[in-house]
Amino acid sequence: MFAVYASEPNPDDPLASLTIGERPEPEVPEGWVRVAVKAASLNMHDLWTLRGVGIKAERFPMTLGCDGAGVLDDGTEVVLHSVIGDPTWSGDETLDPTRTLLTEKHQGAFADYVVVPRRNALPKPAGLSFAEAACMGTAWLTAYRMIFVKSGLRPGQTMLVQGASGGVSTALIVLGKAAGLRVWVTGRSADKRALASSLGAHEVFESGERLPEKVDAVFETVGKATWSHSMRALKPGGAIVVSGSTSGPDPSADLQRLFFLQLNVIGSTMGTREELGDLLRFCDIAGIKPTIGSQLPMTEARAALEAMQAGETAGKIVLTR
Ligand SMILES: NC(=O)c1ccc[n+]([C@@H]2O[C@H](COP(=O)([O-])OP(=O)(O)OC[C@H]3O[C@@H](n4cnc5c(N)ncnc54)[C@H](OP(=O)(O)O)[C@@H]3O)[C@@H](O)[C@H]2O)c1
């Protein structure tokens with residue numbers, strides 16, 4: 001079958017490992033389902049996989065794509081939940097130490113077919129197209145959990161989103177606005193800040209710019225490049241919710257500020273199946289659609305990944321089949 005895959009780990013030149021070609025059709029284990037992929041969206045995670053981050057070397061070649069939507073063999077339209085763990089685990093599956101994301105152990109969705117445990121295929125809401133639904137399972141779910149499960153924010157409080165145009169950032173802006181939060185956003189260029197404004201951000205700032213007042217919570221996926229600004233942006237008792245470190249994983253902790261202002265640093269990763277269901281219902285109730293910056297046929301995956309690597313994002317990048 002057609003597939004877009006990483007042939008081997010390549011830490012220095014990830015796109016050199018990208019292969020667009022043929023892979024064997026997957027077998028369907030007992031209790032799993034086969035999904036004919038209609039759309040899949042890119043995440044920074046795909047570039048990490050090409051680099052060999054978070055995946056064992058013996059698991060290559062690995063089909064990319066941890067976000068997707070498609071059709072089961074019985075015709076049911078579904079959205080993928082990408083967190084796959086021990087079927088006997090009960091409770092929050094993001095805390096299962098054996099859990100992996102699609103493309104870390106199991107083959108991903110940039111292909112004609114992907115197989116997942118039955119519980120990881122949720123019914124696709126009729127109001128979302130396949131391309132829109134393909135944005136929900138990773139970036140949008142991560143943003144939902146950061147705001148509604150982890151941050152402790154109440155409507156009326158102020159959130160700062162570091163980064164304007166990425167998949168997680170655009171989801172944070174739209175979901176935060178819909179929830180009645182005051183949404184402030186930093187962006188690296190005028191175009192990116194304009195995008196954030198068009199999505200409903202109340203104020204936008206250049207990266208690192210001094211803010212007019214302190215905020216209740218900061219939402220971080222950038223890491224080293226924005227961390228000290230995030231620490232300085234917080235009110236006493238405020239929280240940074242962090243789910244990524246695109247620019248590097250070794251921020252200075254600023255420990256004196258951390259304890260003196262009694263700040264909270266809260267890690268967040270993906271979300272549960274139940275949270276994905278709630279996110280889909282929230283989008284339906286509030287009339288929310290994900291922001292798609294570009295949509296290309298899956299055969300154009302190289303151009304799509306090059307754009308993401310170059311920071312040329314304006315919301316999610318979607319590949320269709
Ligand atoms: N823990 C989880 O479950 C989880 C889930 C999803 C994503 N993530 C992580 O979150 C991060 C973002 O993922 P994504 O898929 O949203 O990526 P993306 O679509 O490529 O977005 C990248 C974002 O990072 C910002 N950025 C990058 N470098 C920057 C720099 N030097 N200074 C300021 N801003 C910078 C960009 O801001 P501009 O708009 O200003 O360019 C953009 O908003 C990745 O590290 C990813 O691995 C983690």
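1. Helix H4 gives 3 residues to the shell around the ligand, the largest share of it. The model is a predicted one. H4 runs over 167–178, and together with helix H1 (44–51) it makes up the elements that give two or more residues to this shell.

2. The shell as a whole holds 27 residues. The closest to the ligand are Trp48, Ser165, Ser243, Thr246 and Met270. Sorted by class, the shell has 17 polar, 8 nonpolar and 2 charged residues.

3. Where does the ligand lie with respect to domain 1 and domain 2? Domain 1 covers 2–135 + 290–320, and domain 2 covers 139–267. Both domains give residues to the shell, so the ligand lies between them. The ligand also sits in the largest pocket.

4. Polar contacts to the ligand deserve a separate look. Two of those listed here involve the backbone: a backbone N or O atom of Met44 is 3.1 Å from an oxygen atom of the ligand, and a backbone N or O atom of Ala164 is 3.0 Å from an oxygen atom of the ligand. A side chain takes part as well, with a polar side-chain atom of Lys192 lying 3.1 Å from an oxygen atom of the ligand. As for cover, the ligand taken alone exposes 920 Å², and the protein buries 89% of that.

5. Two backbone features are worth checking in the model. Which form does the peptide bond from Phe60 to Pro61 take, cis or trans? The bond is cis, with omega near -5°. Pro61 is placed in the loop between H1 and strand S4 (62–63). H1 is also one of the elements that give two or more residues to the shell around the ligand.

6. The other feature is at Thr103, where phi is near 90°. This is a positive value in a residue other than glycine. Thr103 is found in a loop too, between strand S8 (100–101) and strand S9 (113–117).

Terms used. Residues numbered from 1 in each chain as written. Predicted model: local features only at pLDDT ≥ 70, side-chain atom pairs only at ≥ 80, totals over all residues. Heavy atoms only, no water. Near = heavy atom within 4 Å. Polar contact = N/O pair within 3.5 Å; in protein donor to acceptor, adjacent residues only side chain to side chain. Areas by Shrake-Rupley, 256 points an atom, 1.4 Å probe, with all protein chains shown as cover. 1 Å grid on protein atoms, 1.4 Å probe; cavity = no way out; pocket = protein on both sides within 12 Å on 5 of 7 lines; lining within 4 Å. Sits in = over half its atoms within 2 Å of the grid points. Helix = DSSP H or I, 4+ residues; strand = E, 2+ residues; numbered from the N terminus. Nonpolar A, V, L, I, M, F, W, Y, C, P; charged D, E, K, R; others polar. Domains from an automatic or database assignment.
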